[in-house]
Amino acid sequence: MNYNVRRLPVFHALSRDHAGLLAPLIESFSYDAGNVIIQQGSKAEHIYIITRGKAEITYKPYDGNTITVTHVDAGGVFGWSAVTGSRLYSSSAIAIEMMEGIRMRGDRIRKLSRENPEAGREILNCLADAVGSRWKDAHVQVRSILTHGLK
């Protein structure tokens, strides 16, 4: 797919060269309202960026009821576990409106980051900025991923 990565608000500041490296990793997705996109505890494979619609992020503690963590609108990112190298998703995501966007395999982003650390740093910083409002100390954790998680 030849996707114009820089048209996405999350990647608008990405250099042209780094956008070119990221573009082949992108797949389109769409889900109808009510569809489960990721299930807590399932294998963490993709990170998602919404271009249209809305998702609800939920978490179910082992000893309690499911709670809504947040809602993610167009331009938002979820499924970060796939990029951090976590084996499983820590929460679920459900489309609460018809939803479209793009997704990328976390293992392919990590591979790109190992092979081109400068591009990886820029890409992960863009993603961290997008989730920063929901994820305390996102940039500190991204630096940790770059130094430890990609080895």
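In this predicted model, isoleucine 57 has alanine 93 of S7 as its bridge partner. That pairing belongs to a ladder of 4 bridges between strand S4 (residues 54-59) and strand S7 (residues 92-95), and the two strands run antiparallel. Zooming out, S4 and S7 sit in an open sheet of 4 strands, ordered S2-S7-S4-S5 with antiparallel pairing. Strand S2 (36-38) and strand S5 (67-73) are the edges, each pairing on one side only. On average, neighbouring strands here are turned by 30° against each other, direction ignored.

Now for the nonpolar side of things. The largest nonpolar core has 24 residues, and Phe11, Leu22, Met104 and Leu127 have the most contacts inside it. Two or more residues come from each of helix H1 (16-22), strand S3 (46-52), strand S8 (99-105), helix H3 (106-115) and helix H4 (117-131). H4 provides the largest share, 5 residues. A second, separate core holds 16 residues, including Tyr31, Ala55, Val72 and Tyr89. As a rule, nonpolar side chains in soluble globular proteins tend to be buried together.

Methionine 104 is worth a look of its own. Leaving aside residues up to four places away in sequence, methionine 104 touches Phe11, Leu22, Leu25, Ile26, Glu45, His46, Ile47, Ile49 and Ile109.

One of those contacts, Glu45, leads on to the charged pairs. The whole structure contains 6 salt bridges. Glutamate 45 forms one with arginine 105, with the closest N and O atoms 3.9 Å apart. This pair ties together distant parts of the chain, 60 residues apart: glutamate 45 lies in the loop between S2 and S3, arginine 105 in strand S8. Glutamate 45 is partly exposed at 30% relative accessibility, and arginine 105 is partly exposed at 25%.

Back in the sheet, aspartate 73 and lysine 54 form a salt bridge whose closest N and O atoms are 3.8 Å apart. Here too distant parts of the chain are linked, with aspartate 73 in strand S5 and lysine 54 in strand S4, 19 residues apart. Both ends are partly exposed: aspartate 73 at 41% relative accessibility and lysine 54 at 23%.

A local case turns up in helix H3, where lysine 111 and glutamate 115 meet in a salt bridge (3.3 Å, N to O). The two residues are 4 apart in the helix, so about one helical turn separates them. Lysine 111 is partly exposed at 45%, whereas glutamate 115 counts as exposed at 57%. Finally, salt bridges with shared partners join Glu45, Arg105 and Asp107 into one network.

How values were computed: Residues are numbered from 1 along each chain as its sequence is written. This is a predicted model: local features need pLDDT of at least 70, side-chain atom pairs count only at pLDDT 80 or more; totals for chains, interfaces and linings use all residues. Side-chain values use heavy atoms; hydrogens and water are left out. Two strands pair if DSSP finds at least two bridges between them. Axes are lines fitted to C-alpha atoms, for helices over the stretch in contact, and angles run from 0 to 180 degrees between N-to-C directions. A nonpolar core is a set of buried Ala, Val, Leu, Ile, Met, Phe, Trp, Tyr and Cys residues joined through side-chain atoms within 4.5 Å. Buried means under 20% relative accessible area, exposed over 50%, partly exposed in between (1.4 Å probe, protein chains only). Contact means heavy atoms within 4.5 Å. A salt bridge is a side-chain nitrogen of Lys or Arg within 4 Å of a carboxyl oxygen of Asp or Glu.
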